[in-house]
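Please open the model in your viewer and keep the sequence panel beside it, since this tour moves from one selection to the next.

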Amino acid sequence: MSVKRYLVTRVVVSIAMMLFAVFVTLLEGAARAGDRFEVSLPDEAAGNAVTGRLLVALTPHDDAAAEVGEPRNAISVTGATVFGMDVSAFKPGSSVWLDAKALKAGARGYPYDALTDIPPGQYDVQAVLIPYTEVTRSDGHTVWVPISDRRVMPMMMPGNPYSKPVTAKIGGKGTVKLALTETIAPLPEPKDTEWLKHVRIRSQILSDFWGTEMYLRANVLLPKGFDENERVRYPAVYPFGHGDVPFGFNPNPESHTERAIASRADANVETGYAFFQAWTSDDFPRVVAITLEHPSPYFVESYAVNSANNGPYGEAITRELIPYLEREFRLIAEPYARIVEGASTGGWEAMALQLYYPDFFGGAWVFNPDPIDFRRYQLVNIYEVENMFSLKVAERMWADRPFRRSREGQPLWTVRQLASFEAVLGSKGRSGYQLGIWQATHGPVGDDGYPVPLFDDRTGAIDKAVAAAYRAHGYDLTAYVRDNWETLSPKVAGKLVMIAGEMDDFYLNLSVYGFEDTVRELGGDDYPIRFEYGRPKKGHNWHHTTWEGVVREMADHIRANAPEGADATRWNYK
């Protein structure tokens with residue numbers, strides 16, 4: 001064979017092998033494109049056709065499967081693979097398909113965009129359906145949203161249909177069939193105890209806004225001697241964002257484990273049982289501690305203020321719920337005796353309530369609040385930068401913006417990842433998660449009745465008109481103080497305690513720094529707001545003292561600001 005003929009033959013063979021490889025790849029892609037999930041709603045399913053969000057979750061079927069549990073319970077930013085799609089009028093006895101066609105039509109996946117991106121293997125697979133309620137609000141918009149009066153994520157709401165997990169091979173042509181035969185059980189109603197009482201009231205204000213029955217709840221922790229001293233009226237402290245039971249109060253000594261002690265010590269607070277011992281001691285201030293349950297259709301917390309999308313929660317809390325509590329539990333119905341406290345979401349709520357209602361509340365202890373300065377919306381100045389997801393470091397060089405970090409500064413996950421995850425949980429701002437509720441609280445209502453997003457959840461491009469609306473409507477709390485300094489400065493002087501760890505996991509210390517800079521600029525270094533930062537390497541859960549210490553500080557503040565003639569001795573220690 002001549003050299004020329006040999007070379008031609010080699011070229012032909014190489015081309016043939018390349019074409020064969022491409023053909024095999026196309027065949028494999030076509031086979032994998034056949035993966036799909038068929039989800040059925042059984043004939044016996046109670047109720048009418050369902051409009052809502054369907055989620056399909058997958059976790060590897062391996063030795064760790066038993067530890068993970070059901071895939072639906074592993075849905076998180078760092079948990080299960082999950083796909084989501086809207087369903088409309090899903091009728092009992094019918095099926096819907098979550099497949100490549102559905103993804104092209106608007107369904108979303110996380111952390112994979114396509115079914116073909118899932119690494120082949122054995123998986124436990126489960127579906128859960130989040131039913132929505134159709135409501136017509138007082139602003140004229142008709143929307144479909146999940147509604148509950150309990151502090152529970154939409155995917156976990158009682159009544160949600162879900163399937164039993166099935167084990168399936170992903171990476172072939174088969175259809176994974178999932179039947180929504182199960183139903184999430186109702187949450188048990190909390191039972192009153194000697195110390196803890198529970199309240200549920202219908203809110204006329206919220207019901208009028210949402211066009212459906214809306215309720216608010218409260219969990220009331222009574223002080224020692226409350227029943228014996230029937231003529232004594234008490235101050236109230238309102239902790240936001242720590243769960244249902246104020247300060248983790250727990251009279252069970254078995255809860256005081258080494259693990260619980262270590263967990264609470266990391267935050268510089270005590271266990272629930274240790275707090276119970278302090279609360280019931282003879283020398284502890286006799287105040288009433290009350291947590292509020294005020295979920296909006298967009299999150300487990302309404303953010304406690306009036307907003308175009310959530311509705312008038314600030315008015316409902318200050319005009320309905322708190323006055324009801326003051327009547328029922330002999331509370332002092334005066335501003336000096338109403339103190340708010342909160343961390344994270346609750347920190348933003350506590351600060352906003354004090355600023356928006358300065359004549360109603362007498363003080364706020366604010367721990368690591370959600371962004372209170374939108375020039376420091378975590379790591380983004382939403383008024384100036386163009387993109388939420390990435391930062392241009394140099395020409396042709398971009399860096400993804402982290403959303404969470406370790407206390408040593410290691411980025412853990414990004415804004416881009418969180419936005420992608422939330423897009424799976426719900427469309428039109430109905431993720432029931434962090435970015436969704438920020439946009440529902442801060443943002444305007446769109447023409448379709450749903451929150452207008454601050455940024456595109458695929459590209460990260462920021463809508464500057466929406467950013468401007470955030471500021472114009474007062475949700476940038478630092479800008480709100482600046483714009484209203486002349487009115488606010490005499491009303492909130494001495495009423496704010498601002499606490500943050502210097503290595504807050506979510507970069508929330510940055511907006512507290514921005515707020516302090518603004519206060520010092522406007523009011524001088526002597527303006528009475530207390531700022532305290534946890535150093536070194538204190539994170540999102542850091543507190544400057546224990547819960548016992550916080551309550552004692554608040555009681556001291558109440559006594560110091562009580563009007564002339566108020567008898568603090570009757571509630572203080574007896």
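Begin by selecting Pro-536, which lies in the loop between β26 and α15; here helices (H or I, at least four residues) and strands (E, at least two) are DSSP runs, numbered from the N terminus. The peptide bond that joins Arg-535 and Pro-536 is cis, with omega about -5°. Lys-537 has its place in the loop between β26 and α15, and Lys-537 has a positive phi of about 55° although it is not a glycine. Most residues other than glycine have a negative phi, and most peptide bonds are trans.

Before going further, note that this is a predicted model, in which local features need pLDDT of at least 70 and side-chain atom pairs count only at pLDDT 80 or more, while totals for chains, interfaces and linings use all residues. Residues are numbered from 1 along each chain as its sequence is written, and side-chain values use heavy atoms, with hydrogens and water left out.

**Two more loops**

Select Tyr-110 and Pro-111, which are joined by a cis peptide bond with omega about 0°; Pro-111 is in the loop between β5 (108-110) and β6 (121-131). Then move to Ser-344, in the loop between β19 and α8, where phi is positive, about 65°, although Ser-344 is not a glycine.

**The whole chain**

Zoom out to the protein chain, which has 16 helices and 26 strands. Its C-alpha atoms fill a box of roughly 115 × 60 × 55 Å, taken along the principal axes. With 574 residues, a compact globule would have a radius of gyration near 25 Å, and the 27 Å of the protein chain agrees with this; the radius is taken over C-alpha atoms, and the globule rule is 2.2 Å times the number of residues to the power 0.38.

**The eight-stranded sheet**

Colour the strands β13-β14-β16-β15-β19-β20-β25-β26, which in this order form an open sheet of eight strands with mixed pairing; two strands pair if DSSP finds at least two bridges between them. Which strands stand at the edges? They are β13 (196-202) and β26 (530-534), and each has a single partner strand, so one side of each is left without a neighbour in the sheet. From one strand to the next, the twist averages 20°, where axes are lines fitted to C-alpha atoms, for helices over the stretch in contact, and angles run from 0 to 180 degrees between N-to-C directions.

At one of these edges, β13 pairs with β14 (residues 215-221) in the antiparallel sense over seven bridges, and Ile-201 stands opposite Leu-216 in β14. Now add helix α8 (residues 345-356), which lies across β15 (236-240), β19 (338-343), β20 (363-367) and β25 (496-501), and which runs at about 150° to β19.

**A pair of helices**

Select α6 (residues 272-279) and α15 (residues 547-561), which pack at an angle of about 35° with their axes 9 Å apart. Show the side chains of Phe-275, Ala-278 and Trp-279 in α6, which meet Trp-547, Glu-548 and Val-551 in α15; contact means heavy atoms within 4.5 Å. By class, this contact of α6 with α15 has five nonpolar, no polar and one charged residues, where Ala, Val, Leu, Ile, Met, Phe, Trp, Tyr, Cys and Pro count as nonpolar, Asp, Glu, Lys and Arg as charged, and the others, Gly among them, as polar.

**A three-stranded sheet and a hairpin**

Next, select β4, β1 and β11, which form an open sheet in the order β4-β1-β11 with mixed pairing. Its edge strands are β4 (94-98) and β11 (175-179), each pairing on one side only. Strand β1 (residues 36-41) runs parallel to β11 and is joined to it by five bridges, and the bridge partner of Arg-36 in β11 is Thr-175.

For the hairpin, select β7 (residues 133-136) and β8 (residues 142-145), which run antiparallel and are joined by four bridges. Thr-136 has Thr-142 in β8 as its bridge partner, and among the five residues between the strands, Gly-140 takes a positive phi near 95°.

**Last stop**

Finish at Glu-315, in helix α7 (residues 313-328). Leaving out residues up to four places away in sequence, Glu-315 touches Ile-205, Asn-306, Glu-320 and Tyr-357.
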